[in-house]
Amino acid sequence: MKKRIAVLGSTGSIGTQTLEVAAAHPDIFEVETITANNRVDELIAQAIRFQPNIVVIGNKMHYKRLKEALASYPVKVFAGDDAIVQAVTLPSVDMAVIALIGFSGLLPAVKAIEAGKAVALANKETLVVAGELITELVKKHQVPLLPVDSEHSAIFQCLQGESLSNVEKLILTASGGPFRTKLAHELNDVTKEDALQHPSWNMGAAITINSATMMNKGMEVIEACRLFGIPADRIEVVVHPQSVIHSMVQFIDGSVKAQMGIPDMMIPIRYALAYPQRLPAGHSRIDFATRFSLDFEKPDLKRFPLLEMAYRVLREGGNQPCVMNAANETAVAAFLEGRIHYTDIYRLIEKALATIPFIRYPTLDDLQETHRETIRKTLC
Ligand code: MN3
């Protein structure tokens, strides 16, 4: 029996790499559904190559073009956000790979879990925004929730065969981003181009900015707390510029396990897709014959206040992580459009956190409303 996968966000960075894994192992995986939001040409090319049963385009303006291009293929074509959500719940899907960007990953993740699908989660916002809700649903529906984020894949791998009660702390590694060595005052006038230069990972624009501010790492602390049920005070972030160790787990006996590998997202994608198996991969390996060193340092919270903010927001809980995420999405988009300065990102998120009313136990509807309201108010 092949594993039939639905790839949500198939034209993005994680989505295309997921399809490469499926293409390399046609005996194991069958691409059942692919969805994209706007990149219709890439989606058409993928549909012709992978011959899925269902193709969905989020933006309805592209429906006609998609439908016509695939007219001679045996594929069902749909459009709209609702169709994306519905596509993960079909009986013909075994695993949903959620590689959507930002808040948009939440609803499909919820629906996939409710429909009893295994979920490979590349969208960290889902766990940041609605972590408590998601972990409850996962427990209720008894579905596997497999991390695709490299740090969480590393921790997940280190935890195989271990009991969570023996975990002393989780140690998330961070590359430190392009501004690791910059002084606080130098950050005032960094440009979009500076921020988009990531030293070790090649990713989308928004996540690269989040890596520069270390908001990404802050969100990953929240993600780790939700995924593994370890509280904030037992999750540590260390800067590790080489990005060779992807994260670590320290146990009560003082033993530390680390997962290492070249910085390539194909590794965590492959692991999540095939879990509990491992698949062979042809790419390069860490070369221990060549001298190299592994460095670690404490992150400077003065220069990266968004990291400290994420810890605070995690402790406060409720809809605060949702506010932080929405304000960050809005501020980062404005920065990429050249409308605000780099240091405004932090200021605008703090303002949103102070403005949006606190809800201790938000429902899915509350979170959607919090998200919308925060986006409306962040730049005001
Ligand atoms: Mn990561």
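**Salt bridges, sheet and cores in a predicted model**

E316 forms a salt bridge with R312, and the closest N and O atoms of the pair are 3.8 Å apart. The structure described here is a predicted model. Both E316 and R312 belong to helix α12 (residues 305-316), where a spacing of four residues amounts to about one turn of the helix. E316 is partly exposed, with a relative accessible area of 33%, and R312 is likewise partly exposed, at 32%.

A similar look at helix α14 (residues 344-355) is worthwhile. Here D344 and R347 lie three residues apart, again about one turn of the helix, and they form a salt bridge whose closest N and O atoms are 3.4 Å apart. D344 has a relative accessibility of 15% and counts as buried, because the cut-off for buried is under 20%. R347, in contrast, is partly exposed, with a relative accessible area of 48%.

In the whole structure, the search finds 22 salt bridges. One of them links parts that are distant in sequence: R4 pairs with D94, with 3.1 Å between the closest N and O atoms. Since R4 sits in strand β1 and D94 in the loop between α4 (81-87) and β5 (95-98), the pair ties together parts that are 90 residues apart in sequence. Both partners are partly exposed, R4 with a relative accessible area of 24% and D94 with 27%. Elsewhere, salt bridges link K124, D149, E151, K217 and E220 in a network.

Strand β1 also takes part in an open sheet of seven strands, ordered β4-β3-β2-β1-β5-β6-β7 with parallel pairing. The edges are occupied by β4 (76-79) and β7 (145-147); each has a single partner strand, so one side of each is left without a neighbour in the sheet. On average, neighbouring strands are turned by 20° against each other, direction ignored. Within the sheet, β1 (residues 3-8) and β2 (residues 29-36) run parallel and are joined by six bridges; I5 has V31 as its bridge partner in β2.

Turning to the nonpolar interior, the largest core has 90 residues, and L66, L170, I235, L273, M324, I345 and I349 are those with the most contacts inside it. Domain 1 (3-147) and domain 2 (153-262 + 282-316) both contribute residues, so this core lies between them. Leaving aside residues up to four places away in sequence, L66 touches V40, L43, I44, V55, I57, V77 and F78. A second, separate core comprises 31 residues, including A87, A109, A112 and V119.

Terms used:
Residues are numbered from 1 along each chain as its sequence is written. This is a predicted model: local features need pLDDT of at least 70, side-chain atom pairs count only at pLDDT 80 or more; totals for chains, interfaces and linings use all residues. Side-chain values use heavy atoms; hydrogens and water are left out. Two strands pair if DSSP finds at least two bridges between them. Helices (H or I, at least four residues) and strands (E, at least two) are DSSP runs, numbered from the N terminus. Axes are lines fitted to C-alpha atoms, for helices over the stretch in contact, and angles run from 0 to 180 degrees between N-to-C directions. A nonpolar core is a set of buried Ala, Val, Leu, Ile, Met, Phe, Trp, Tyr and Cys residues joined through side-chain atoms within 4.5 Å. Buried means under 20% relative accessible area, exposed over 50%, partly exposed in between (1.4 Å probe, protein chains only). Domain bounds come from an automatic or database domain assignment. Contact means heavy atoms within 4.5 Å. A salt bridge is a side-chain nitrogen of Lys or Arg within 4 Å of a carboxyl oxygen of Asp or Glu.
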